[in-house]
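Dear colleague,

I am handing over the structure we spoke about, and below it you will find my notes on what was found. Please read them with the coordinates open beside you.

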Amino acid sequence: MKMEIRVPGLNRTMSSRTIANKHLRVISVDADGNALVEPVIDRTRMTSQQDTDPESTFDSDDGEDCPAEYRSLLATIGKPLVRIKFAVNGKLLQADGVNGGTAAAKDIERDPTLNFLIVFPEQPVRAGETWKDEFETTVQLDRSLKQGVKLRREYRLLKLDGSKAEIELKTVCLTPLRDPKLEMQITSRLLSGTIVFDHQLGQILSREMRVESQVINGIGPNTMVNTVMTQSERTIPNPKLAKRDKITNP
């Protein structure tokens with residue numbers, strides 16, 4: 001992510017990058033096809049920089065040798081914080097915290113944009129056809145008040161290549177936002193891009209997402225914030241992770 005901030009008398013540029021290795025463990029699947037899943041971050045590497053200041057770095061493999069400001073993040077590596085129940089079509093049904101992840105679970109339930117799966121339609125689709133997933137998230141008006149904001153994910157099946165389905169995704173805000181401060185909060189959730197899904201394995205193979213925005217007066221009068229954010233995700237076969245011991249008592 002790169003963010004350029006312009007305020008009267010001052011211009012700043014902030015950039016950051018995160019590389020994470022994670023795995024998803026399926027705990028159980030019930031008779032209706034609903035799956036209970038634990039996402040786990042195995043390793044994280046982060047860099048951040050402001051203007052020409054020295055770059056701040058973090059690698060979870062460094063253990064306790066990492067900078068003090070990253071110690072709380074280090075404590076989350078290698079263990080699940082949430083267990084998420086998904087419907088057979090990918091819709092998020094419920095999230096429960098484990099290992100102190102109660103707050104993270106509540107965030108996932110309140111904000112459907114945190115669902116990392118595709119929500120498929122009930123009926124089959126052909127190449128060129130579209131389907132939509134509408135939901136409500138919230139923005140903060142002040143310290144105590146929140147406002148509901150309606151978002152829509154629009155999917156299009158671009159093409160089929162054997163078992164691989166290429167899907168286009170666009171996220172749009174349906175609620176008119178006349179306050180630039182609220183627009184600032186919603187920008188990072190409006191991801192658009194392309195997903196490759198293996199419909200035989202039922203698995204996302206890759207995802208390429210991007211957001212570009214410019215908000216005027218988002219952090220005060222006569223200010224401008226330019227944001228460019230990209231996300232790249234891909235499945236990597238890993239026999240070591242695939243052989244993890246099964247959990248018999250979730």
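For what follows, a residue is called buried under 20% relative accessible area, exposed over 50%, and partly exposed in between. Please also keep in mind that this is a predicted model.

By that scale K159, with a relative accessible area of 46%, is partly exposed, and its side chain meets that of E166 in a salt bridge with an N to O distance of 3.8 Å. E166 has a relative accessibility of 26% and therefore counts as partly exposed as well.

The salt bridges deserve a closer look, since the count comes to 16. In one of them the side chains of R43 and D59 meet at 2.7 Å, N to O; because R43 belongs to strand β3 and D59 to strand β4, this pair ties together parts that are 16 residues apart in sequence. R43 is partly exposed, at a relative accessible area of 25%, while D59 is buried, at 16%.

A further salt bridge joins R152 to E134, with 3.2 Å between the closest N and O atoms. Since R152 sits in strand β8 and E134 in strand β7 (residues 130–140), the pair ties together parts that are 18 residues apart in sequence. R152 counts as buried, at 17% relative accessibility, and E134 as partly exposed, at 37%. Both residues also belong to a network of salt bridges that links E134, K150, R152 and E154.

What, then, is the nearest side chain of opposite charge to R153, which is buried yet has no salt bridge? It is that of D133, which is 4.5 Å away, whereas a salt bridge would need a side-chain nitrogen within 4 Å of a carboxyl oxygen. R153 is found in strand β8, and a polar atom of the R153 side chain lies 3.0 Å from the backbone oxygen of T113.

R83, in strand β5 (residues 82–86), is another arginine that counts as buried, at 17% relative accessibility. The side chain of R83 makes a polar contact of 2.4 Å with the side chain of E38. R83 is also 7.1 Å from V98, C-alpha to C-alpha, although 15 residues separate the two in sequence.

Turning to the backbone, two loop residues may be worth inspecting. D51, in the loop between β3 (35–50) and β4 (56–59), has a positive phi of about 55° although it is not a glycine, and at 30% relative accessibility D51 counts as partly exposed. N217, in the loop between β11 (203–216) and β12 (224–234), likewise has a positive phi, near 65°, in a residue other than glycine; at 32% relative accessibility N217 counts as partly exposed.

Finally, a word on one of the pockets. The second largest pocket has a volume of about 260 Å³, and of the 14 residues that line it, the closest to its centre are F120, V125, L157, F197 and H199. The elements that give two or more residues to this lining are β8 (146–161) and β9 (164–173). By class, the lining of the second largest pocket holds 10 nonpolar, 3 polar and 1 charged residues.

With best wishes

Technical notes
Residues numbered from 1 in each chain as written. Predicted model: local features only at pLDDT ≥ 70, side-chain atom pairs only at ≥ 80, totals over all residues. Heavy atoms only, no water. 1 Å grid on protein atoms, 1.4 Å probe; cavity = no way out; pocket = protein on both sides within 12 Å on 5 of 7 lines; lining within 4 Å. Points joined across faces, edges and corners; volume = space filled by probe spheres on them. Helix = DSSP H or I, 4+ residues; strand = E, 2+ residues; numbered from the N terminus. Nonpolar A, V, L, I, M, F, W, Y, C, P; charged D, E, K, R; others polar. Buried < 20%, exposed > 50% of the residue type's maximum accessible area, 1.4 Å probe, protein only. Lys, Arg positive; Asp, Glu negative; His and termini not counted. Polar contact = N/O pair within 3.5 Å; in protein donor to acceptor, adjacent residues only side chain to side chain.
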